[in-house]
There are 4 protein chains.
Amino acid sequence: MSDEPKPVGVGLVGYGYWGPNLARNFIRQADCQLVAIHDSDPDALGKAGQFFPLARLEDSFDDLLSNRGIDAIAIATPVSTHFELASRALQAGKDVLVEKPLAHNVAEAKSLIEMAEKNGSILAVDHTFLYSGAVRKIRELIESGSIGEIIYLDSVRINLGLFQHDVNVVYDLAPHDLSIALYQLGQEPVSVQVSGKPYSSGGKEALAYIHMEFANGVVAHFHVSWISPVKIRRMVITGTEKMIIYDDLDPMEKVRVYDKSVVIHEDDTDSVNQMLVDYRTGDMIAPKLSLREALDLEAEEFIKSVRSREAPVSDGRFGLKVMKILEACCLSLKQDGRKITMEEIG
Amino acid sequence: MSDEPKPVGVGLVGYGYWGPNLARNFIRQADCQLVAIHDSDPDALGKAGQFFPLARLEDSFDDLLSNRGIDAIAIATPVSTHFELASRALQAGKDVLVEKPLAHNVAEAKSLIEMAEKNGSILAVDHTFLYSGAVRKIRELIESGSIGEIIYLDSVRINLGLFQHDVNVVYDLAPHDLSIALYQLGQEPVSVQVSGKPYSSGGKEALAYIHMEFANGVVAHFHVSWISPVKIRRMVITGTEKMIIYDDLDPMEKVRVYDKSVVIHEDDTDSVNQMLVDYRTGDMIAPKLSLREALDLEAEEFIKSVRSREAPVSDGRFGLKVMKILEACCLSLKQDGRKITMEEIG
Amino acid sequence: MSDEPKPVGVGLVGYGYWGPNLARNFIRQADCQLVAIHDSDPDALGKAGQFFPLARLEDSFDDLLSNRGIDAIAIATPVSTHFELASRALQAGKDVLVEKPLAHNVAEAKSLIEMAEKNGSILAVDHTFLYSGAVRKIRELIESGSIGEIIYLDSVRINLGLFQHDVNVVYDLAPHDLSIALYQLGQEPVSVQVSGKPYSSGGKEALAYIHMEFANGVVAHFHVSWISPVKIRRMVITGTEKMIIYDDLDPMEKVRVYDKSVVIHEDDTDSVNQMLVDYRTGDMIAPKLSLREALDLEAEEFIKSVRSREAPVSDGRFGLKVMKILEACCLSLKQDGRKITMEEIG
Amino acid sequence: MSDEPKPVGVGLVGYGYWGPNLARNFIRQADCQLVAIHDSDPDALGKAGQFFPLARLEDSFDDLLSNRGIDAIAIATPVSTHFELASRALQAGKDVLVEKPLAHNVAEAKSLIEMAEKNGSILAVDHTFLYSGAVRKIRELIESGSIGEIIYLDSVRINLGLFQHDVNVVYDLAPHDLSIALYQLGQEPVSVQVSGKPYSSGGKEALAYIHMEFANGVVAHFHVSWISPVKIRRMVITGTEKMIIYDDLDPMEKVRVYDKSVVIHEDDTDSVNQMLVDYRTGDMIAPKLSLREALDLEAEEFIKSVRSREAPVSDGRFGLKVMKILEACCLSLKQDGRKITMEEIG
C-alpha cells in the first residue's frame with residue numbers, strides 16, 4: 001500500500017563465515033530489504049547469489065556506497081578492514097553495523113564514533129550475544145536485584161578452533177565474553193591483566209587468561225583458547241543472594257539459577273572477632289528462555305534504530321568499551337602480563 | 001607365625017574431617033596396625049573409639065610419641081599445627097605422614113625435611129591424588145610419549161565450600177592441583193602469579209587464579225574457589241600429539257584422551273612466510289582405570305616405605321615443591337598480583 | 001539416666017553385600033543397639049567383628065532368637081532364605097525387617113504377614129528408596145496436586161551387573177522401581193506383561209521389560225538389565241500439569257520438575273470435531289532435597305515402629321504388593337509374555 | 001563441456017517441514033538440478049521460491065509429471081498421500097524418493113514396489129538415519145565382528161513433541177529406529193508386540209513400547225513418546241564382545257564402544273552344573289565419525305542410483321520391511337498388546 005514506509009535498504013559487505021548469517025536474518029525482517037552484497041572474492045559472491053538471488057551482487061564496495069536504495073551497510077569482513085570500510089560508509093551517509101570487534105584499536109574506534117556522531121549516523125557493533133534469550137534473561141535477573149550484589153564472574157570459551165590469521169585468540173573469542181560481562185556488570189573495569197601463549201613460538205596467542213578488576217571490588221576472569229580438546233562455553237556469576245551458571249552449549253537449560261549463597265554470621269559471643277562463614281542452598285531454577293535466534297532480534301533492533309535514530313544496545317560507544325579492554329589486553333600481553341590500569345588506555 | 005614381621009604400628013593424630021579416612025585405610029593394610037589415636041577434642045576421640053575400638057585413645061600427643069609400638073605417626077590436624085607435631089614426631093624417632101600441605105611455610109617445610117634426613121626418618125606428605133587410578137594413568141600416558149610435548153595444563157577446582165578458618169582457598173584447594181601438575185609435568189615452575197579475592201572485605205581469599213610458567217614455555221593455570229554454585233573438578237592437558245581431559249567427578253570416564261592435535265604446515269609456496277595452522281581429530285579413548293581407593297594405595301606405599309626405608313612418591317621434598325609454590329602464591333597475593341619468580345622464594 | 005528407656009536391641013543376620021549398610025545405620029540411631037550379628041560364613045562374620053566390635057558374633061541364627069536383649073531382627077540374606085528366617089524370627093516374638101523382596105512368592109509373603117499380625121509383630125520390608133530425599137520429594141509434589149493427573153511412568157534401571165545366582169534380574173532390580181512406582185502412584189496395577197531374555201540360553205533372565213496397566217488408564221513401564229554397558233537409573237513421570245525426571249545418579253539434581261504440559265484445544269469452529277494438541281513449556285525447577293542417607297531414615301523409622309507398634313511405610317502389606325507384581329512377572333515370563341491380570345495372582 | 005552428462009533433474013512435492021531439507025541437499029549435488037517444486041499450499045510454495053529461486057514453482061503435481069526435464073520425484077508430503085503421489089510418479093516413468101514411511105500400509109507398499117519393478121524405476125525411501133556417520137560406523141563395527149553376536153538392542157526416542165494429526169507416535173517416530181535396527185541387525189523380526197497409550201482418551205497413541213523378537217533369539221525394544229519432558233535419542237546395542245551406546249544428541253561422541261562383556265565360566269569343580277557369570281571391562285572408545293550431513297549423502301546416493309539403476313540401501317524392499325513392522329504394531333495395538341507373528345502380516 002502506498003502509505004507503508006519504504007523498507008530499510010541494507011547492503012552487506014563480506015560473504016565469508018558470518019555474512020550469510022547476517023543476510024539470512026536481514027531478509028527475515030518485515031521492514032527491511034537486502035539490496036546488495038559485495039565481496040571481493042568472486043566465488044564468495046557467486047555463493048551469495050545462489051542463496052540470495054534477489055540481492056544485487058556488486059564487484060565493488062563503491063557500488064554499495066553510491067546506491068541510494070541502501071540506507072545501512074552491514075560489515076562482515078576481517079577486523080583489519082573494519083575501520084576503512086566503516087569510515088567510508090559513514091562518510092557516504094550510511095548507517096553502519098560492524099561485526100565485532102568494532103576496529104583494530106581504540107583510536108580507530110573513537111574516530112568511527114566521532115564520524116557517526118557528527119553525521120548523526122547509527123553506528124552499531126555486532127555483539128550478537130547481547131541479543132540472545134539467555135543473556136537477556138540473566139540481565140533481567142541481575143537488574144531485578146534477585147541475585148544480590150555480584151561477587152565475581154568467570155567465563156570459559158575454549159575449543160579446538162580454527163586459528164585466525166589476522167588476530168590472536170583474545171581478539172577472536174574474548175569480544176563475546178567481554179561484551180556479555182560489560183552488559184551484565186553495567187560498569188567498566190579499572191584494570192586488566194593477561195597471560196597468554198602461542199601454540200608454537202612466533203605465532204599469535206592461541207590461549208589467554210584475562211583478569212579484570214572493577215572499582216567496586218568485583219573481579220571477572222576469562223579463559224579463551226583455540227587449543228582445548230573439548231568445546232566449553234560456560235560463565236559463572238556469583239552473587240550475594242543467588243548464583244548463575246550460563247552454559248551456552250546446553251540444549252535444554254542454558255541458564256541455571258541456584259538459590260545458594262554464602263552466609264556470614266558475626267560471632268559476638270567470642271572476644272576474638274571471628275567471622276563464621278557458612279552457606280545456604282535451596283532450589284535450582286532453569287528459567288524459560290526466548291528461543292528466538294539472537295541475530296534475528298539484533299537485525300530487528302538495528303532496523304528499528306535506523307528508523308527511530310535511537311542508538312541500539314551495542315552502539316559504537318559500547319563497542320569502544322570492548323575495544324579499550326582488548327587494547328589493554330594487548331598491552332598486558334606485550335609487557336609480560338603486567339596489570340594495566342584502564343587509565344593508561346585513555 | 002613367629003617368622004612374620006611385626007606389623008608397622010601407626011599412631012594417628014587428628015580425628016576430624018580427614019583422620020577417619022586415614023584410620024580406615026591403615027587398618028585395611030595387612031602389614032599395619034592402628035595402635036593409637038589422639039585428638040585434643042574428647043568428642044572426636046569418643047567417635048574414633050566407636051569406629052576403631054581396637055586402637056588406644058590417647059588424651060595426649062606425648063602418649064603417641066612415647067609408645068614404642070608406634071613406628072609411624074599420621075598427622076591429620078589443621079595446617080598451623082603441622083610443623084610442631086611433625087617435628088616432635090620426627091625428634092621422637094617416628095616416621096611421619098603429614099596431611100597436605102606439609103607446613104605453613106617453606107622455612108618450616110625445609111626444617112622438617114632436614115630433621116627427617118638427619119634421623120633417617122621417612123617423611124611423607126598426604127598428596128592423595130598422586131595415588132589415584134586417574135592420575136597414575138595420565139602419568140603413564142605422558143611418560144610413554146603418546147601425548148607429545150605438553151603445551152598447557154588448565155585446572156578448575158571449584159564448589160560452594162566450607163570456608164576454612166586458618167587458611168585461604170589457595171592453601172585449602174590448590175595443593176591438590178599443584179601436586180598433580182608437578183607430578184604430571186615433572187618440573188617446577190619458574191614464576192607464579194596469583195589474583196585472588198575474599199568473599200567479603202577483610203576475609204581470607206575465597207577465590208583465586210594461579211598462573212605458572214615453566215622454563216620450557218609450558219603454562220599451567222588453576223582456578224580454585226569456595227564460592228561457585230556448582231562443583232567442578234576438571235583438568236585439561238593439551239599436548240602436541242593428544243589432549244587429555246581429567247574430570248574427577250565423572251563416575252564412568254574420569255580420563256578422556258582425545259586423538260586431536262594442532263597441525264602446522266609451513267607454507268613454502270608463499271614468499272611471505274606464513275604458517276598455516278590446521279587441526280586433526282580422531283578417536284577419543286577413555287582408558288580403563290584402577291578403581292582402587294587412592295588412600296588405600298597411599299597407605300600401602302607408606303607402609304612399604306617404612307619397611308624399605310625408601311622415600312615414597314610424595315616425600316618431604318615433593319611436599320616442599322608444593323609449599324614453595326604456595327608461598328609464592330601468598331607473596332603474589334600480597335603484592336597485588338605481581339609475577340613472582342621462584343628464585344625469590346629460594 | 002535411669003528414666004531413659006532401654007535402647008531397642010537389634011540382631012542382624014547376613015553380613016554380605018547389604019548387611020554392613022544395615023549395621024552401620026542401626027548403630028547410628030540414638031535409640032538402638034546392634035546386639036549381635038550372625039552369618040553362616042565365618043569369614044563374613046570375622047569381617048563384621050572388625051567393623052562392629054561391640055556386637056556379639058553368633059555362629060548360629062538360634063542364638064539371635066534366644067537372645068532376650070534382641071527386640072528386632074534385620075534379615076539381609078539371599079531371597080530364598082527370607083521366608084524361613086523371617087518366620088522363625090516372628091515365631092520367636094521378634095519384630096522383623098527383611099531385605100527386599102519380602103519373600104520368594106506371594107504365598108510365603110502372605111504367610112509372614114499373617115504370622116506378624118497374629119503376634120502383633122512389626123514386619124517391615126527394606127524398600128530403601130521409599131526413604132530417600134528424592135522419592136519423598138516426588139511423593140510430596142504428586143500429593144500436592146501440582147503435577148496434575150499422572151499419565152505414565154517410565155523407569156530404566158540398567159547396568160553391567162553382577163548376575164545373581166538365585167534370582168533373575170526382575171527379582172534383583174525391579175523391586176526398587178516397583179516399590180517407588182506403587183508409592184508414587186498410590187494404587188496397584190490391574191495387569192502386568194513382561195518380556196525377558198537370559199544372557200545365554202538356559203540362564204536366568206538378565207534383561208526384562210515390564211509393562212503395567214492401572215484401572216485409571218495410567219501405564220508404567222520398567223526396563224531392568226544386567227547387560228547394559230552404562231549405568232542408568234532414571235524415571236520419567238508425565239503428569240497433565242508438570243513432568244518429572246528422577247535421575248538417581250545425578251549428583252546435583254536428582255529430581256527435575258518441568259513446567260511443561262500438553263494442551264488440548266477443542267476446536268469448536270470446525271464442524272469436524274478435531275482436537276488441536278499443542279504443548280506449553282515453562283521453567284524447570286530442581287527442588288532442594290534432603291541429603292540424609294535413606295537407610296538412616298529407614299532405620300530410624302523402623303526403630304520408631306518397634307517403639308510405637310505402628311506399621312512403617314514399607315510394611316509387610318506393602319511388601320506383598322511388590323511380591324504380587326513379581327509373581328505376575330514370573331507368570332508372564334513363563335507364558336511367553338502373556339498379559340497377566342492381577343486377579344489371577346489373587 | 002559438451003561431454004558432460006546432463007544433471008539429473010529432480011522435482012520436489014511438499015514444502016512443509018522436511019521438503020526444504022531435501023531441496024537444500026539436492027541443490028548441493030554436483031550432478032543434480034532441482035527443476036521444480038510443487039506444494040498445494042500457495043504460502044509454502046512462495047517460501048520455496050524465496051529460498052530456491054532457480055526452481056520452477058508449480059501449482060499442480062501434474063506439471064511435475066509432465067516435465068520431461070524431471071527424472072526423479074522426491075515426495076515430502078503427509079503419509080496418507082504417499083501412495084497416490086508415488087504411484088502417479090512411477091506410472092509417469094519417474095524415479096521416486098518417498099519420505100518415510102513408504103506408505104500407509106503393506107498393501108500400498110507392495111503395490112508401489114511392484115510398479116517400480118515393472119517399470120524398472122528406482123524406488124527409494126527416505127530413511128535418513130541409514131546415511132548418517134554414526135549409523136554407518138556402527139554397521140561397520142558390527143560387520144567387522146568386533147562386537148560379537150548381538151544380544152539385544154534397546155532404543156529410546158522421546159520428547160515433548162508436536163502431535164501429528166494423521167498418524168500415531170509409532171508411525172511418526174518409530175520408522176527411524178526400526179530402519180536403524182533392521183540395518184544393524186541384518187534380519188527381520190519373527191514377532192512384534194506393542195503397548196501404547198493416547199494422551200487423552202480417543203486420541204492417537206502418544207506413547208508406545210514396541211518389543212520385537214528375532215529367529216536367533218535377539219530382542220529389540222523401542223520406546224517412542226511425544227509426552228516426555230526431555231528429549232532422548234539413545235540406542236544401546238549389547239554384543240557378546242563389546243557394547244555400544246549411540247546417543248544421537250551428544251554433540252561430541254555420538255557413538256561409544258565399550259570394551260565390556262559378560263564372561264561365563266563353566267564351573268567344572270562343582271557337581272551341580274552351575275554357571276559362574278562375571279563381567280569384563282576395558283577401555284571405552286568413541287570413534288571418529290563422518291560429520292557429513294546424512295541427507296547430503298542420501299541425496300548423492302539417490303542420484304547415483306538414478307544414474308546407475310542400482311537400488312539404494314533404503315530401497316522399496318527395505319521400506320516394505322519397515323512397513324510390515326508398522327502394520328504389525330498397529331495390529332498389536334488394536335488387539336490389546338497381543339504378540340503378532342510376522343507371518344500374520346505376510
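Two strands are taken to pair if DSSP finds at least two bridges between them. In the present model, which is predicted, this criterion is met in chain B by β4(B) and β5(B), which run parallel and are joined by four bridges, and within that pairing B:Ala74 stands opposite B:Leu97 in β5(B). B:Leu97 is in turn placed against the next strand, its bridge partner in β6(B) being B:Ala124, and the pairing of strand β5 (residues 95-99) of chain B with β6(B) is again parallel, over four bridges. On β1(B), the pairing with β4(B) is likewise described by four bridges in the parallel sense, with B:Val13 opposite B:Ile75 in β4(B).

These pairings belong to an open sheet of chain B in which six strands follow the order β3-β2-β1-β4-β5-β6, with parallel pairing. The edges of the sheet are formed by β3 (56-58) and β6 (123-126) of chain B, each of which pairs on one side only, and the twist from one strand to the next averages 25°. In a regular strand the side chains alternate between the two faces of the sheet. For β4(B) both faces are covered, since the model places B:Ala72 and B:Ala74 on one side and B:Ile73 and B:Ile75 on the other, and all four of these residues are buried.

Helix α1 (residues 19-28) of chain B lies across β1 (8-13), β2 (32-38) and β4 (72-75) of chain B, and runs at about 155° to β2(B). The helix α1(B) also packs with helix α8 (residues 294-308) of chain B, the two axes coming within 9 Å and crossing at roughly 60°; the arrangement of α1(B) relative to α8(B) is therefore classed as oblique. The crossing of α1(B) and α8(B) is right-handed. In this contact, B:Asn21, B:Asn25, B:Phe26 and B:Arg28 of α1(B) meet B:Leu295, B:Asp296 and B:Ala299 of α8(B), and the residues involved divide into three nonpolar, two polar and two charged.

Another helix pair of chain B is formed by α7 (residues 169-185) and α9 (residues 316-334), which pack at an angle of about 130° with their axes 10 Å apart. This angle makes α7(B) oblique to α9(B), and the crossing of α7(B) and α9(B) is right-handed. From α7(B), the residues B:Val170, B:Tyr171, B:Ala174, B:Pro175, B:Leu178, B:Ser179 and B:Leu182 meet B:Lys321, B:Val322, B:Ile325, B:Leu326 and B:Cys329 of α9(B). By class, the contact of α7(B) with α9(B) has ten nonpolar, one polar and one charged residues.

In chain D, six strands form an open sheet in the order β3-β2-β1-β4-β5-β6, and the pairing is parallel. Its edge strands are β3 (56-58) and β6 (123-126) of chain D, each pairing on one side only, while neighbouring strands of the sheet are turned against each other by 25° on average, direction ignored. Within this sheet, β1(D) and strand β4 (residues 72-75) of chain D run parallel and are joined by four bridges. Helix α4 (residues 79-91) of chain D lies across β1, β4 and β5 (95-99) of chain D, running at about 170° to β5(D).

The surroundings of one residue in this sheet, D:Leu12, were examined individually. D:Leu12 is located in strand β1 (residues 8-13) of chain D, and its bridge partner in β4(D) is D:Ala74. Because 28 C-beta neighbours lie inside 10 Å, D:Leu12 counts as buried, the cut-off being 20 or more. Leaving aside neighbours within four places in sequence, D:Leu12 is in contact with D:Gly19, D:Leu22, D:Ala23, D:Leu34, D:Ile37, D:Ala74 and D:Ala76. D:Val170, by comparison, is 158 residues apart from D:Leu12 along the chain, and the C-alpha atoms of the two residues are separated by 26 Å.

Between chains, the contact of chain A with chain B takes 35 residues from chain A and 35 residues from chain B. On the side of chain A that touches chain B, the elements giving two or more residues include β7 (150-160), β8 (191-198), β9 (205-213) and β13 (255-266) of chain A, and the largest share, six residues, comes from β11(A). The residues of this side of chain A divide into 20 nonpolar, eleven polar and four charged.

Terms used
Residues numbered from 1 in each chain as written. Chains lettered and ligands numbered in written order. Predicted model: local features only at pLDDT ≥ 70, side-chain atom pairs only at ≥ 80, totals over all residues. Axes fitted to C-alpha atoms, helices over the stretch in contact; angles between N-to-C directions. Parallel < 35°, antiparallel > 145°, perpendicular 65-115°, else oblique. Left-handed = near helix turned anticlockwise from the far one by under 90°. Contact = placed C-beta atoms within 7 Å. Nonpolar A, V, L, I, M, F, W, Y, C, P; charged D, E, K, R; others polar. Buried ≥ 20, exposed ≤ 12 C-beta atoms within 10 Å, placed from the backbone.
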